[in-house]
Structures are given as C-alpha cells and as structure tokens.
Amino acid sequence: MHLLVPFASARSEAGMYALRELPLPALASLLRRLQPAGRLGTDEFSLNPPHECAWAAACGWQAGEGRLPFAAHAARRDGIEVLDLAWAQLTPVHWHVGRDEILLTDPSSLQLEEAESRALLEAVRHLFETEGFAIAWGAPLRWYAAHECFADLPTASLDRAVGRSVDRWLPEGPQARLLRRLQNEVQMLLYAHPLNEAREARGALPVNSFWVSGCGRWQDSAAEEPQVDDRLRAPLLAEDWAAWAEAWRALDAGPLTTLAQRAARGEPAALTLAGERFAQRFEGDA
C-alpha cells in the first residue's frame, strides 16, 4: 500500500503554525517506523507539483516536466478509449479578470452540474472539431481533447495555477498558438451564453474558459498506482487553515491509521508527503 498525500505542507506562517499545533498520532507512528526513501521536486515554479511527480515516478512514466500523461489515464478511468492518441484534459474554469491580472478560480467552486457541463461542451465542440480535435466528456470538470499537438506540449498542472495569475502558467511555443486562439474563441462564445447568464442570475460563477493540462499519450504503469488522498487540497488552496487542520485530523484517523496498522504488522507500507516544492517518500520493510 502506497499512500500519496498532496498539499501536506504549507509555506505560509499560518499554515505551518496550524500543523505544528496539530496532534497526528498515526502520522507520528508512521514516521517512527518508516525510513526516508527518496525526495522529488525543485521549487514552486515547476509545471508539475511534487505530488504529480511522485505519482508519475511510482508508476514509472517516462516524460519530461509538464508532459506527464495524466489526461490519458483519467480519460481511460472515465471509460474513454484512448488508443494511441495524444490527449489533454480540458477543465472548464472561471477566469476572474482583475485590473492588473487574470486569476484562475478553483474549478470546484463552480459546482458545475452534469447537464450544464455537457451543454457547455456541446456549445464549444465545433470550435475544436473543425481544427481536427477529437472531443470527449468525462465528468462535469473533466473534458478531454485528442490532437497531435498534445504529443509533446508542456502544460502547467491545474494545481499550480489555481488562485494565481494565469499569464505565468499558460502553455507557450508553436504548439500552443492554436490552443491560445481556441481559448479566445471559447471565451467569446461563452461570454453571452444563456447557460452562463442563468448561472450568474442565481449567483453562480460563469464558465468562461478552459485549462489545458496532463498532455501526452497513454503510458502503461510499471507498478500499481498509489492511493492518492487529496482532501487537503481545497482548504490549502483556499488558505482555510481551520478546514485544513480538520482535513488533517480526518486523514490521520482514516487512511494514515490504516497504513500505520499495516506497518505495525510488518506488512509493506509506503507514504509520500508532498508540499508545494518537494515530495518525500517513506518506506517500511516488506
């Protein structure tokens, strides 16, 4: 059992204080029993956050930064036949336009319903298909596109861009020009779409763009994918430290306790704790 915990640390003083004052007995037990077994990451400006790098390393995927094939694997889990095509995940999002910058709002705050998501995808489908893209719906916040331009296109993870100015994280280079044009066309089409008008009328955020991530072709996994528990993600991105602490308590009482019990019995156990810059793996003896 390999448990991967994204957003396990915070760089802010408030976040670090919340974690220092938090009793986490299962985590403490694991860190006494398990040994450090490798560290990944560089800084907070890499296209893939450390938890994605750790996930890819555990699976044995061979790809460079920003080219890890998360879209193809998510598409297959959503029942889509990926074949040998190059895939990207297109996440419907809301861009908040400020005076000096455009910020990417966490897509989960859209509370997008299936019928709305499907209708919006159908509204923009022709823009992609006329350019040779294959389009598929996977879930309200998971649209997929297949096109040869995704075969070697570095893109930033959604987890890197949420709450930040989009300019730094948009894809660049010749392969990205078509996507930037499509992004502009989608924004114009959705601006006055009746569904968005209805959302705004009830106080919901409109869907006014999409985020491209996880590009590449399917790669087989050399090992079983880790169990990823991302319950710390939303509160950390929102800087809601009380909620983050509560999520840590639930994590400790649930999956971390299960893993600690395995380790106590001498069964194989691995834990990866990932922050914004680094991911640290811990392992126990088989």
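Helices here are DSSP runs of H or I with at least four residues, strands are DSSP runs of E with at least two, and both are numbered from the N terminus. This is a predicted model, in which local features need pLDDT of at least 70, side-chain atom pairs count only at pLDDT 80 or more, and totals for chains, interfaces and linings use all residues. Residues are numbered from 1 along each chain as its sequence is written, and side-chain values use heavy atoms, with hydrogens and water left out.

I will start with the sheets. Strands of a sheet pair through backbone hydrogen bonds, either parallel or antiparallel. For two strands to count as paired, DSSP has to find at least two bridges between them.

One open sheet has 4 strands in the order 6-7-3-8, and the pairing is antiparallel. Strand 6, residues 134–139, and strand 8, residues 209–217, are at the edges; each has a single partner strand, so one side of each has no neighbour in the sheet. From one strand to the next, the twist averages 25°. Angles run from 0 to 180 degrees between N-to-C directions, and axes are lines fitted to C-alpha atoms, for helices over the stretch in contact.

Inside this sheet, strand 3 (residues 86–93) and strand 7 (residues 142–146) are antiparallel partners over 4 bridges. To find the pairing on screen, look for Ala88, which stands opposite Ala145 in strand 7.

Which helices touch this sheet? Helix 5, residues 114–129, packs on the sheet and touches strand 3, strand 6, strand 7 and strand 8. The direction of helix 5 makes about 170° with that of strand 6. Helix 4, residues 70–77, lies across strand 3, strand 7 and strand 8, and runs at about 95° to strand 8. Contact, in all of this, means heavy atoms within 4.5 Å.

There is also an open sheet of 5 strands, with the order 2-11-10-1-9 and mixed pairing. Its edge strands are strand 2 (35–41) and strand 9 (227–228), each of which pairs on one side only. Strand 9 runs parallel to strand 1, residues 2–5, and 2 bridges join them. Leu3 stands opposite Gln227 in strand 9.

Next, helix 8, residues 194–201. Which of its residues are buried? They are Leu195, Asn196 and Arg199. These residues cover an arc of only 95° around the axis, which puts them on the same side of helix 8. That arc is taken from the directions between the helix axis and the C-beta atoms. Buried means under 20% relative accessible area, exposed means over 50%, and partly exposed is in between, with a 1.4 Å probe and protein chains only. Helix 5 and helix 7 (176–191) are among the elements covering the buried residues of helix 8. On the face turned away from the buried side, helix 8 carries the exposed residues Pro194 and Ala201. Just after helix 8, Gly203 takes a positive phi of about 90°.

Now the charged pairs. Side chains of opposite charge can pair when their charged atoms come close. The rule for a salt bridge is a side-chain nitrogen of Lys or Arg within 4 Å of a carboxyl oxygen of Asp or Glu, and by this rule the count is 21.

Arg125 forms two of the salt bridges I will show. With Glu122, the closest N and O atoms are 2.8 Å apart; with Glu129, they are 3.1 Å apart. Both Arg125 and Glu122 lie in helix 5, 3 residues apart, about one turn of the helix. Arg125 and Glu129 are 4 residues apart in helix 5, so about one helical turn separates them. Arg125 is buried at 19% relative accessible area, while Glu122 is partly exposed at 46% and Glu129 is partly exposed at 42%.

In helix 7, Arg181 and Glu185 meet in a salt bridge of 2.9 Å, N to O. They are 4 residues apart, which again means about one helical turn. Elsewhere, salt bridges that share partners join Asp106, Asp159 and Arg233 into one network.

Last, the cysteines. How many disulfides does the whole structure have? The search finds 0, where a disulfide is a pair of cysteine sulfur atoms within 2.5 Å. The sulfur of Cys53 is 12 Å from the closest cysteine sulfur, in Cys59, so it is too far for a bond. For Cys215, the closest cysteine sulfur is in Cys149, at 7.3 Å, also too far for a bond. Cys53 is partly exposed at 26% relative accessibility, whereas Cys215 is buried at 1%.
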